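Me: I would like to learn how to read a protein model feature by feature. Could you take me through one, giving the general idea before each case?

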Amino acid sequence: MYWSFLMRTTYETIKDKLMKSKNGFYRLISVAFFLTFLVPNVSSQSGGVLSPRQAAYDVNFYDLEIAFDFETKTIEGSLLCRAKVIDPIDSLELDLRRTYDVDSVLCALNNNTLSAVGFRHESGKLMINIPEDATSDQVVTVKVFYGGAPPLTSGLPWSSGFDWNTTFNGIGYVGVACEMDGGDVWWPCKDHPSDEPDSVALSFTVPQPLECVSNGVFVDSLHHGDSTTTFRWFVSSPINNYNVTFYIDEFVLIEDKYSSVIGDSIPFYFWVRPSHYDRAMEMMEPYKEEFDFLESIGGPYPFGHEKHAFAHCHYPGMEHQSIIAYGSNFALNSWGFDYIHLHELAHEWWGNLLTAKNWADVWIHEGIATYTEALYVEHIAGIDRYFDYVHNIWPSSSTVPLAPRQELTTDEGYDLNPYYRGAAVMHTLRYYLGDEEFFNVLKHWAYPDTTDYDNTNGRQCRLVTTDDLLAQTEDITGRDMDAFFEVFFREAWYPKIYYTRYESEIAFEWRTQTGVLLDLNIPVVANGVEYTVEMVDGFGSLPVPGDAELVIDPNKWLLDKTPEELVGLNQQFVGKGYKLEQNYPNPADNRTTIKLTIPKYEHVSLKIYNSLGKEVLSVFDRKLMPNTYETTVDLTQFEPGIYYYIMQVNEFADTKRLMIR
Ligand SMILES: [Zn+2]
């Protein structure tokens, strides 16, 4: 029992560190790996830029058969992969760690019989010769016979590999997790998040009396004369490669049924170690409440046609599809819920139903799953505790975007603080949209089409990007979400509020890293009264005395840098005159830049007129903070000719001539 306590304590410390500094922690793990001479396996990340050879095919089916040798800590078996060719190829590229020996490979095109083919296994890549060039829409089947010693780790799930050990009564157990490094840690696969097979057959042969439980539905088990048993499982839903897993141990099964929101009776299994059976039984009802809650915000549990299951394991947790790894020993945290259970269960929606096709978008998994924890705290303890929870996980300042427009590896993706920052952005999005629209969006992200609610053919599973969710949010709300997504997902820095006090009003401005005009309203308490400052194109004002006592964003809805009062910066413009400068370039072709300065917080209009005096464009027409502004104007819609632009502030007006050629 000591080790489980230690593991939990260590995990909480580790998770804390990870949340605070994923980067730092991962380096710590890397050092640990280096010390145990496992460095080659650390460097082989999952994801990144998909190689042209792997982009040329789409996996439909995997059939994995493995036998486990507990004496030598090795595995031996085969992997069959069936794929549809997208672009012509003469070889099929799979990923497989170099720690394994590949004995032979069979291959066939279309319905032909499998026959032996040549292959190369170098630097973690398995290149399989296809007998004749495969063209688009043909089906390639390969079968790889391989074996070897999987990388060992005691740091699951943050480091990838096998955790062989002995159970309390001396019999072995083994588990695997490989989110960071990918399925090729233990089986040949296309190790990239953008391609999921439609189905997977799994067959595991283990020493008796051990049991092996896995993803999908149980097919059968067969006892052999050599004191081994083969357990077969079948996954009929798309599944990402790191989610394919097994748990080999001595289990007691808690079996139950769950009534889903769509009325289905879902098999509910908990494979638990005998020592924790009674405590696990006590938690079945609280777990069903978590399940109810997740269905209420995300729609029906997506894998009900297979099962909902947890396997009691020897590492903290992992979102293995339809059989989640659970290693928290049924403990409640100080917020009153089983954090590991809820977090990993949330991934069945945010990670498994909806999967990021690029690790740059891993906030879709970790950010939403973490935010779900805050929502659950609100559900069980009220909105004040929700705010406490969100503020407790508030991210530190940032120098990288949450979702950069790049193809990233797992390690790079997890360096973006997807847990805390992703959750904070969800919190700000909730404020931006309001509760009704936000929860509507959340449910539609999970299920754009409610006819998928009772779907059992896997069509409900989607690979998505941040841009997909942006487009979906705009469809659902009818709002232009470009500025919000650009600032909170694509810009490295958090936006910043500036405010300036005037005699009878206080003016607010959003400043963003790339000058995006953010229309995110600002909640303010002035002299004890609550207001919402409506922000249009990044500006807004509050009609209160300039010396009002001000609390900006009292509930911390906005993921921003600390608001800053403009005094010094403001002063440099005070006493200066209004100024409208000559545009450049002039004459202009497609665009030109106009610069102007205003010394006071005033309503300013800048408009362009044609030579007949007709207004052709209003560049802006709103209140502006004292400052110098440069605005670039798109001229592509105008005929060549002479134009004028006029800046007007109260009595002041100035005109300049602009030529378009
Ligand atoms: Zn997670």
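Reply: What follows moves from the overall picture to a strand, a core, a domain contact and a few backbone details.

Me: Before the details, how many helices and strands are there in the protein?

Reply: An overview begins with what kind of model it is and what it contains. This is a predicted model, and the protein has 14 helices and 36 strands. Along its principal axes the C-alpha trace spans about 100 × 60 × 50 Å, and 42% of the 661 residues are buried. Among contacts between residues at least 6 apart in sequence, 66% join residues at least 24 apart.

Me: If I pick strand E15, which way do its residues point, and are they buried or exposed?

Reply: In reading a strand, one asks about its two faces and then about its partners. In strand E15 (residues 246–249), Phe246 and Ile248 point one way while Tyr247 and Asp249 point the other way, and all of them are buried.

Me: Which strands are joined to E15, and by how many bridges?

Reply: Strand E10 (residues 172–177) runs antiparallel to E15 and is joined to it by two bridges, with Val174 having Ile248 as its bridge partner. Strand E12 (residues 211–214) is also antiparallel to E15, joined by four bridges, and here Val213 stands opposite Tyr247.

Me: Which residues touch the most other members of the largest nonpolar core?

Reply: A core can be read through its best-connected members and through the elements that supply it. The largest nonpolar core has 158 residues, of which Ile248, Trp271 and Ala311 touch the most other members; helix H7 (residues 363–381) gives the most to this core, with nine residues. Ile248 is thus familiar already, as the bridge partner of Val174. For Trp271, leaving aside neighbours within four places in sequence, the contacts are Val213, Tyr247, Phe251, Leu253, Ala309, Ala311 and His312, and in that list you will recognise Val213 and Tyr247, which stand opposite each other.

Me: What does the domain assignment give, and how many residues does each side bring to the contact of domain 3 and domain 4?

Reply: For domains, one takes the bounds, then the separation, then the contact. The assignment gives domain 1 (1–37), domain 2 (354–490), domain 3 (496–566) and domain 4 (579–660). The centres of domain 3 and domain 4, taken over C-alpha atoms, are separated by 27 Å, and the contact takes nine residues from domain 3 and five residues from domain 4. On the side of domain 3 that touches domain 4, the elements giving two or more residues are strand E24 (506–511) and strand E27 (539–542), and the residues of that side divide into five nonpolar, two polar and two charged.

Me: Where are the cis peptide bonds from Leu156 and from Gln208?

Reply: Most residues other than glycine have a negative phi, and most peptide bonds are trans. The bond from Leu156 to Pro157 is cis, with omega near 0°, and Pro157 lies in the loop between strand E8 (139–148) and strand E9 (161–166). The bond from Gln208 to Pro209 is likewise cis, with omega near 10°, and Pro209 is in the loop between strand E11 (199–207) and E12.

Me: What is phi of Ser123 and of Asn417, and is each of them buried or exposed?

Reply: Phi of Ser123 is near 50°, a positive value, and this residue lies in the loop between strand E6 (119–122) and strand E7 (125–134). Ser123 counts as exposed because 8 other C-beta atoms lie within 10 Å, where the cut-off is 12 or fewer. Phi of Asn417 is near 60°, also positive, in the loop between helix H9 (410–414) and helix H10 (420–433). Asn417 is buried, because 24 other C-beta atoms lie within 10 Å and the cut-off is 20 or more.

Note on methods. Residues are numbered from 1 along each chain as its sequence is written. This is a predicted model: local features need pLDDT of at least 70, side-chain atom pairs count only at pLDDT 80 or more; totals for chains, interfaces and linings use all residues. Two strands pair if DSSP finds at least two bridges between them. Domain bounds come from an automatic or database domain assignment. Two residues are in contact if their C-beta atoms, placed from the backbone, lie within 7 Å. Ala, Val, Leu, Ile, Met, Phe, Trp, Tyr, Cys and Pro count as nonpolar, Asp, Glu, Lys and Arg as charged, and the others, Gly among them, as polar. A nonpolar core is a set of buried Ala, Val, Leu, Ile, Met, Phe, Trp, Tyr and Cys residues joined through C-beta atoms within 7 Å.
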